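Biologist: Could you take a close look at one loop of this model for me, and then follow the chain onward from there? I am still learning the terms, so please explain each one as you use it.

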Amino acid sequence: MERTEIIIGGDTAGIEWRAPVFRFEGSDATAPSVYIQAALHANELPGVAVAHFLLEKLRAADAEGTIRGDITVIPQANPIGLAQSHFGEMEGRFDLGSRTNFNRDFPLVALAERDTLIADLDRRSAVERLKRTLLHTALGHDLVLDLHCDDESLQYAYIDDAFWPEAADLASALDMQAVFLSDGESTAFEEAVGHAFKHQGGDKLKTVPGRLSVTVELRGRRDVYAGMAARDADGLWAFLAGRGVVADPALSVRAYTGPAVPLDNIEMVKAPTPGTILFHRDVGETVRAGDILATLITHPGEADGTITVAARHDGLIATRNSARYARRGDDLMKIAGHEATRRDRKPGTLED
C-alpha cells in the first residue's frame with residue numbers, strides 16, 4: 001500500500017488543505033482497476049466510515065497478496081468543505097466562496113483528453129484544483145464509485161443507462177433498495193466520469209462494457225454506525241471480488257431484485273407552502289396515489305391552520321427531508337414510481 005496526499009494550496013496566504021490517498025497495486029495487469037472516494041459533500045459521512053472499514057480489509061488483502069487490480073481510495077475527498085463550519089454546522093455541500101455545489105461544475109472531457117484537466121492548475125482556484133485533481137485521478141481507473149448519502153433515505157444509487165444492467169452486481173452487493181437510472185447530462189462528478197467513458201475519443205457510446213461510474217447513496221446523513229459501515233464495506237468487497245479486482249473465490253453476488261427506475265419516474269414531493277412538517281409516512285414504505293404523506297402546520301393555533309400533502313402517484317418512498325420546517329417549494333420526499341411522473345424534467349440530476 002502507498003499512502004500519499006492531495007495537497008491544495010489556498011487562495012489566500014497561509015492556507016493549505018490535504019486529502020489522504022491510499023493506493024494498492026494489483027498483481028494482474030488485466031484485472032479491472034477501481035477508484036473509490038467518499039465525502040465529496042464533506043458533511044455526508046457514511047461513506048467515510050465505509051471507506052475506513054474497507055481499507056482495513058484491503059490492507060489485510062495486500063499483506064496476503066490477494067489484490068489483483070489497482071485500487072485507489074480517497075476516504076475524505078473534500079478537505080475544503082470539511083473546514084467550513086459555521087454557527088455549529090458543517091457547511092460541506094456548497095463552497096462558501098463561490099456558492100457552488102462541490103458536486104457540480106466538473107469539466108466534461110473525453111477520456112483521451114484526461115491530461116488537459118491538470119494543465120495550468122496553478123492558475124485555477126483551490127476548489128477547481130481539487131475537482132480537477134479528483135477527476136483526473138478517477139479517470140485513470142475502470143470502475144469509479146462516488147460514495148454519498150441522502151437526507152433520510154434508503155440505500156440506492158444513481159447509475160447511467162450506459163452502465164446498466166452490468167452494474168446490477170453492485171446494487172446487489174450493497175443490498176440497494178432502488179436504482180435510479182440517470183441520463184448523464186449534468187456536471188456532477190459521477191456524470192463527468194461517465195461522460196469521459198462514453199466519449200472515449202470520439203462519438204458517444206451507448207454502452208461501455210467493463211466501465212462503471214456510479215453515485216452510491218449510503219442511506220441518510222445520520223446513518224453512521226460501526227456495524228452498518230462494516231456491512232457496507234463487506235458489500236463493496238463482494239463487488240470487488242465479483243469483478244475480479246480482489247481474489248475471494250468463496251464469494252458470489254446474487255441477482256439484484258429491486259426496482260431500477262428512470263429519473264422521469266421520480267416524484268419530487270414539494271411543500272406547497274411554508275409550515276411545520278408532520279410526516280405520516282416513512283422511507284421504505286410503498287404508497288398509492290392519494291395517500292396522505294404529511295401535514296403542514298401553516299398557521300399554528302388557527303382552526304384552519306393545516307394543509308395535507310398527498311402522493312400523486314403510486315411508488316416507493318426513497319428519501320425524506322430530515323428538517324421539520326419547510327419553506328415554500330422545499331423537497332419533502334422522493335417517490336420512485338412505476339411510470340413517468342412528469343414530462344418537463346430537465347436533463348441531469350434531481351437536486352442542486
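**The loop before H3, and what follows**

Modeller: Arg99 sits in the loop that runs between strand E6 (89-90) and helix H3 (126-138), where helices (H or I, at least four residues) and strands (E, at least two) are DSSP runs, numbered from the N terminus. The model is predicted, so local features need pLDDT of at least 70 and side-chain atom pairs count only at pLDDT 80 or more, while totals for chains, interfaces and linings use all residues. Residues are numbered from 1 along each chain as its sequence is written, and side-chain values use heavy atoms, with hydrogens and water left out.

Arg99 has a positive phi, near 65°, although it is not a glycine, and Asp105, which belongs to the loop between E6 and H3, also has a phi near 65°. Most residues other than glycine have a negative phi. Arg99 is exposed, with a relative accessible area of 74%, and Asp105 is exposed at 51% (buried is under 20%, exposed over 50%, partly exposed in between, with a 1.4 Å probe and protein chains only).

The loop leads to H3, which packs with helix H5 (residues 189-198) at an angle of about 45°, their axes being 10 Å apart (axes are lines fitted to C-alpha atoms, for helices over the stretch in contact, and angles run from 0 to 180 degrees between N-to-C directions). H3 is therefore oblique to H5, the word for what is left once angles under 35 degrees (roughly parallel), over 145 (roughly antiparallel) and 65 to 115 (roughly perpendicular) are set aside. In this packing, Leu134, Leu135 and Ala138 of H3 meet Phe189, Ala192 and Val193 of H5, contact meaning heavy atoms within 4.5 Å. By class, the contact of H3 with H5 has 6 nonpolar, no polar and no charged residues (Ala, Val, Leu, Ile, Met, Phe, Trp, Tyr, Cys and Pro are nonpolar, Asp, Glu, Lys and Arg charged, the others, Gly among them, polar).

Further along the chain, Pro165 lies in the loop between strand E9 (155-160) and helix H4 (168-173), and the peptide bond joining Trp164 to Pro165 is cis, with omega about 10°. Leu174, in the loop between H4 and strand E10 (178-182), is buried at 3% relative accessibility. Leaving aside its neighbours within four places in sequence, Leu174 is in contact with Gln155, Val216, Asp232, Gly235 and Leu236. The C-alpha atoms of Leu174 and Tyr156, which are 18 residues apart along the chain, are separated by 8.8 Å.
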